[in-house]
Amino acid sequence: MSHEDTVKRLLEPTGIEVDGSRPWDMKVHDRRLFRRLLANGRLALGESYMDGWWDCDDLAAFFRKIYTARDLINTDRADLRLILQVMWAKIVPQGSLKRSCEIGRAHYDTGNDLFSRMLDPWMQYSCAYWQAGANDLDTAQIAKLDLICRKLELKPGMRLLDVGCGWGGLSKFAAERYGVSVVGITVSDEQAKHARDWCAGLPVEIRVQDYRLVEDSFDRIVSVGMFEHVGRRFFPAYFDMLRRCLHDDGLALVHTIGINSSGFDYPWLTRYIFPGGYLPSLEEIFASANGRMALEDLHSIGPNYEPTLLAWHDRALAARPALDPLKYDERFWRMWRFYLLSVAPSFSTRVSQVWQFVFSKNGVAGGYEPKR
């Protein structure tokens with residue numbers, strides 16, 4: 001059986017055809033693709049797309065087919081398990097960590113010209129909250145920010161630690177609308193500069209500092225889209241920080257992407273987009289929090305991430321004519337499109353999750369009622 005015939009047979013459970021006419025079918029431009037997929041499926045699907053070896057009219061629908069077929073794929077038949085490696089890329093890659101970090105730095109150091117156009121006015125690079133009735137990205141991100149502040153029960157005069165503050169949007173929002181003082185920490189000099197300029201005149205201090213080095217005390221702690229970058233080895237240190245820095249009667253909110261099965265990995269994503277990233281399972285989070293923090297509330301909002309990612313995709317493409325074509329070349333745009341559209345349907349199909357946890361140190365007296 002040829003390599004092409006093998007790949008076609010492996011695709012049968014998904015309903016995807018090679019060179020078919022439907023929006024989710026693969027359009028193959030280089031017939032070497034089939035050998036490449038079978039030889040290195042862990043990375044080859046995304047890399048061959050970046051190289052222009054294949055296309056798809058609706059890449060999100062393509063991946064929705066893959067994720068929806070996972071119950072058929074997760075069987076004892078070796079040929080069906082193979083497609084999981086080829087198309088879902090679950091196995092940890094053997095690539096160089098040094099090379100992955102170099103690619104990651106190139107990704108993050110592209111500057112704010114793309115992100116300022118792709119994201120909302122509050123520069124939120126995390127899941128928005130559409131369930132409150134929002135019908136556009138800007139409104140959905142404001143709803144997310146307000147949801148977080150209400151869950152934390154912020155009151156004027158409180159001191160808030162924003163762990164992984166990014167460009168400073170949440171810090172600015174909480175200071176302006178809830179009257180709190182904020183310490184935001186980030187490991188990015190570029191983001192810190194933007195946050196300081198943006199929050200000038202507000203009671204907001206932005207530090208370039210690792211979370212493990214924070215020793216101050218706070219009434220509230222928030223962490224949005226940062227826990228995915230901690231790494232499983234350091235989960236206990238993260239929760240040690242929460243306990244050390246939170247007042248006895250304080251609350252901490254952790255907003256994170258998660259996964260249903262411990263040890264899951266998407267090697268293309270961790271090589272090209274988020275080097276060193278690790279998606280936690282509930283089991284891992286609870287094990288690390290046990291004995292350190294008390295769970296007050298858990299809210300699953302994962303389906304909100306698909307429309308968020310699709311909105312980013314549309315805004316990024318609309319911004320393309322205004323961006324430097326040398327800095328953002330065709331290969332970059334194929335990488336970016338593959339990133340946003342391969343990840344988006346993983347949330348509606350519940351392959352991936354988004355959780356918001358509210359923790360206290362020793363339990364809230366009288367109980368905690370989440371302000372949703």
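This is a short talk on a predicted model of one protein, with a look at its rings, its core and a few single residues.

Hi everyone, and thanks for coming. Let's start with the overall picture. The protein has 372 residues, and 55% of them are buried. Its secondary structure comes to 16 helices and nine strands. If we take the contacts with a separation of 6 or more, 72% of them are between residues 24 or more positions apart.

Now, how far does the predictor trust this model? The mean pLDDT is 89, and 88% of the residues reach 70 or more. Two stretches deserve a warning. Residues 73-81 have a pLDDT below 50, and this stretch has 14 contacts in the model beyond near neighbours in sequence. Residues 83-108 are also below 50, and here the model has 60 such contacts. Where pLDDT is low, the predicted coordinates should not be read in detail. Please keep that in mind when you look at those two parts on the screen.

Let's move to the aromatic rings. How many aromatic pairs are there? The count comes to 34. Why do we call the pair of tryptophan 268 and phenylalanine 338 edge-to-face? The ring centres are 4.8 Å apart and the planes meet at 65°, and planes over 60 degrees apart count as edge-to-face, so this pair gets that name. The two partners come from distant parts of the chain: tryptophan 268 belongs to helix α13, residues 267-272, while phenylalanine 338 belongs to helix α16, residues 330-348, and 70 residues separate them. Are they buried or exposed? Tryptophan 268 has 1% relative accessibility, so it counts as buried. Phenylalanine 338 also comes out at 1%, so it is buried as well.

Compare that with tyrosine 328 and tryptophan 333. Their rings lie 6.2 Å apart, centre to centre, with 45° between the planes, and this pair is tilted. Both of these residues are buried. They also belong to a cluster linked by ring pairs, and among its other members are Phe115, Tyr125, Trp167, Trp336 and Tyr339.

Rings can have charged company too. Lysine 65 lies over the face of tryptophan 24, at 4.4 Å from the ring centre. Arginine 212 places its charged end over the ring of phenylalanine 234, 4.7 Å from the centre.

Next, the core. The largest nonpolar core has 68 residues, and those touching the most other members are Trp54, Phe62, Trp268, Trp336, Phe338 and Tyr339. Which helix gives the most to this core? That is α16, with eleven residues. You'll recognise Trp268 and Phe338 from our edge-to-face pair.

Let's visit helix α3, residues 41-50, where we find methionine 50. At 5% relative accessibility, methionine 50 counts as buried. What does it touch, once we leave aside neighbours within four places in sequence? Its contacts are Trp268, Tyr272, Arg331, Arg334 and Met335. Have a look at arginine 334 in particular: it is 284 residues from methionine 50 along the chain, yet their C-alpha atoms are separated by 5.1 Å.

Serine 48 is in helix α3 too. Its relative accessible area is 0%, so serine 48 is buried. Setting aside the same kind of sequence neighbours, serine 48 is in contact with Leu33, Arg36, Trp53 and Trp54.

Now for a strand. Why is β3, residues 159-163, described as largely enclosed by the rest of the structure? Four of its five residues are buried, so that description follows. Strand β3 runs parallel to β4, residues 181-186, and five bridges join them. Within this pairing, leucine 160 stands opposite valine 182 in β4.

Last stop: two residues with a positive phi that are not glycines. Aspartate 19 has a phi of about 60°, and it sits in the loop between α1 and β1. With a relative accessible area of 39%, aspartate 19 is partly exposed. Methionine 123 has a phi of about 55°, and its place is in the loop between α8 and α9. At 8% relative accessibility, methionine 123 counts as buried.

That's my tour. Thanks for listening!

Note on methods:
Residues are numbered from 1 along each chain as its sequence is written. This is a predicted model: local features need pLDDT of at least 70, side-chain atom pairs count only at pLDDT 80 or more; totals for chains, interfaces and linings use all residues. Side-chain values use heavy atoms; hydrogens and water are left out. Rings of Phe, Tyr and Trp (its six-membered ring) pair if their centres lie within 6.5 Å; planes under 30 degrees apart count as stacked, over 60 as edge-to-face and the rest as tilted. Helices (H or I, at least four residues) and strands (E, at least two) are DSSP runs, numbered from the N terminus. Buried means under 20% relative accessible area, exposed over 50%, partly exposed in between (1.4 Å probe, protein chains only). A charge sits over a ring if NZ of Lys or CZ of Arg is within 6 Å of the ring centre and within 35 degrees of the ring normal. A nonpolar core is a set of buried Ala, Val, Leu, Ile, Met, Phe, Trp, Tyr and Cys residues joined through side-chain atoms within 4.5 Å. pLDDT is the predictor's confidence in each residue, from 0 to 100. Contact means heavy atoms within 4.5 Å. Two strands pair if DSSP finds at least two bridges between them.
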